[in-house]
Amino acid sequence: MAPEAMLQLGILILTLSMIFITHNLRHQTTHTRTRTRNRPNRHVAQASRHLSLATRSTTSLHHAKTALSEADTALSINPRDPSAHIHRARALHLLGHSAAALKSLHCALSPPAARSLSTAERAEALVLRAELKVAVKRLRRIESAVKDLVEAVGLSRGERVETEALCLLGKCYEWKGMNQEAKEAFLKVLDVEPDSLEARSGLDRLGP
């Protein structure tokens, strides 16, 4: 074979080798990114499982701590994961750390992060944030809590969380002295849940 032909063959083999190597590297990188992206979901799922157990178990403290650890692990992989922030907030709330839980919910409901939440997830997070705002500093945060609850009611028409939002909204209006608005909120709860003791108790407090 002529030297010129051998040179061309060598260049062809080298080019094909480079294409093969580049393709493999891209495939490995994509696979690694996908695996890394999916990994937090496993930790979020574990956090959710332990939170569920914490609400109906005699070892609730243990499950809340485990849920917090799983949520923290998910956030170490993806610090912007809103679901992980919500699970972290719920765990912190169960552990009695309301101020820290509130910070996690602020992260979850920030404009960039909240876009990836479902409507139900966002509504539930808004109700929890309102509860924590009221629990931490009622007088200073009541206006902000009302804003969250009004948004949650708008997002959760017909869902279970709607009655939770309306009950707390009724209490917030009551604390603000807005008795007519409070009554309307409690009455809306009774339209959906006629046996709601919380709503009936609110109406009894407000009087005729």
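Here is a chat between a trainee and a mentor about the predicted model shown above.

Trainee: Let's start with the big picture. How many helices and how many strands does the chain have?

Mentor: Follow the chain from the N terminus, and the elements run α-α-α-α-α-α-α-α-α. No strand turns up in that run, and the tally is nine helices and zero strands.

Trainee: Which share of the residues in the chain is buried?

Mentor: A residue counts as buried when its relative accessible area is under 20%. The chain has 208 residues, and the buried share of them is 36%.

Trainee: And what share of the contacts with a separation of 6 or more comes from residues 24 or more positions apart?

Mentor: For this one, leave out pairs with a separation below 6. Among the contacts that remain, residues 24 or more positions apart account for 50%.

Trainee: Now some helix pairs. How do α3 and α4 run relative to each other, roughly parallel or roughly antiparallel?

Mentor: Helix α3 covers residues 82-94 and helix α4 covers residues 98-108. Their axes come within 8 Å and cross at roughly 165°. An angle over 145 degrees counts as roughly antiparallel, so α3 and α4 are roughly antiparallel.

Trainee: Is that crossing left-handed or right-handed? And which class has nine residues in the contact, nonpolar, polar or charged?

Mentor: The α3 and α4 crossing is left-handed. On the α3 side, the contact includes Ile86, Ala89 and Leu92, and these meet α4 residues, among them Ala101, Leu105 and Cys107. By class, the contact of α3 with α4 has one charged residue, four polar ones and nine that are nonpolar.

Trainee: Ser104 is in α4. Is Ser104 buried or exposed?

Mentor: Beyond four places in sequence, Ser104 touches His85, Arg88, Ala89 and Leu92. Its relative accessible area is 4%. The cut-off for buried is under 20%, so Ser104 is buried.

Trainee: How many disulfides are there in the whole structure?

Mentor: Let's look at two cysteines on the way. Cys107 is partly exposed at 37% relative accessible area, while Cys167 is buried at 5%. As for disulfides, a search of the whole structure finds zero.

Trainee: Let's move to α7 and α8. How do their axes run relative to each other, roughly parallel or roughly antiparallel?

Mentor: Helix α7 spans residues 160-175 and helix α8 spans residues 179-192. Their axes come within 7 Å and cross at roughly 160°. That angle is over the 145-degree cut-off, so α7 and α8 are roughly antiparallel.

Trainee: What is the handedness of the α7 and α8 crossing, and how many charged residues are in the contact?

Mentor: The crossing of α7 and α8 is left-handed. Residues in the contact include Leu166, Cys167 and Tyr173 from α7, along with Ala182, Phe186 and Val189 from α8. By class, the contact has eight nonpolar residues, three polar ones and, for charged residues, four.

Trainee: Lys183 and Glu184 are both in α8. Which label fits each one, buried or partly exposed?

Mentor: Buried means under 20% relative accessible area, and exposed means over 50%, with partly exposed in between. Lys183 has 16% relative accessibility, so Lys183 is buried. Glu184 is at 41%, so Glu184 is partly exposed.

Trainee: Which residues does Lys183 contact, leaving aside neighbours within four places in sequence?

Mentor: One helpful separation is that of Lys183 and Asp204, which are 21 residues apart along the chain with C-alpha atoms 9.7 Å apart. Glu184 and Leu203 are 19 residues apart, with 9.3 Å between their C-alpha atoms. The contacts of Lys183 are Leu203, Leu206, Gly207 and Pro208.

Trainee: Last one, on His43 and Ile77. What separates their C-alpha atoms?

Mentor: His43 is in helix α1 and is buried, with 10% relative accessible area. Ile77 is in helix α2 and is partly exposed at 26%. His43 touches Ile77, along with Glu70, Thr73 and Ala74. The two are 34 residues apart along the chain, and their C-alpha separation is 9.9 Å.

Notes: Residues numbered from 1 in each chain as written. Predicted model: local features only at pLDDT ≥ 70, side-chain atom pairs only at ≥ 80, totals over all residues. Heavy atoms only, no water. Axes fitted to C-alpha atoms, helices over the stretch in contact; angles between N-to-C directions. Helix = DSSP H or I, 4+ residues; strand = E, 2+ residues; numbered from the N terminus. Parallel < 35°, antiparallel > 145°, perpendicular 65-115°, else oblique. Left-handed = near helix turned anticlockwise from the far one by under 90°. Contact = heavy atoms within 4.5 Å. Nonpolar A, V, L, I, M, F, W, Y, C, P; charged D, E, K, R; others polar. Disulfide = S-S within 2.5 Å. Buried < 20%, exposed > 50% of the residue type's maximum accessible area, 1.4 Å probe, protein only.
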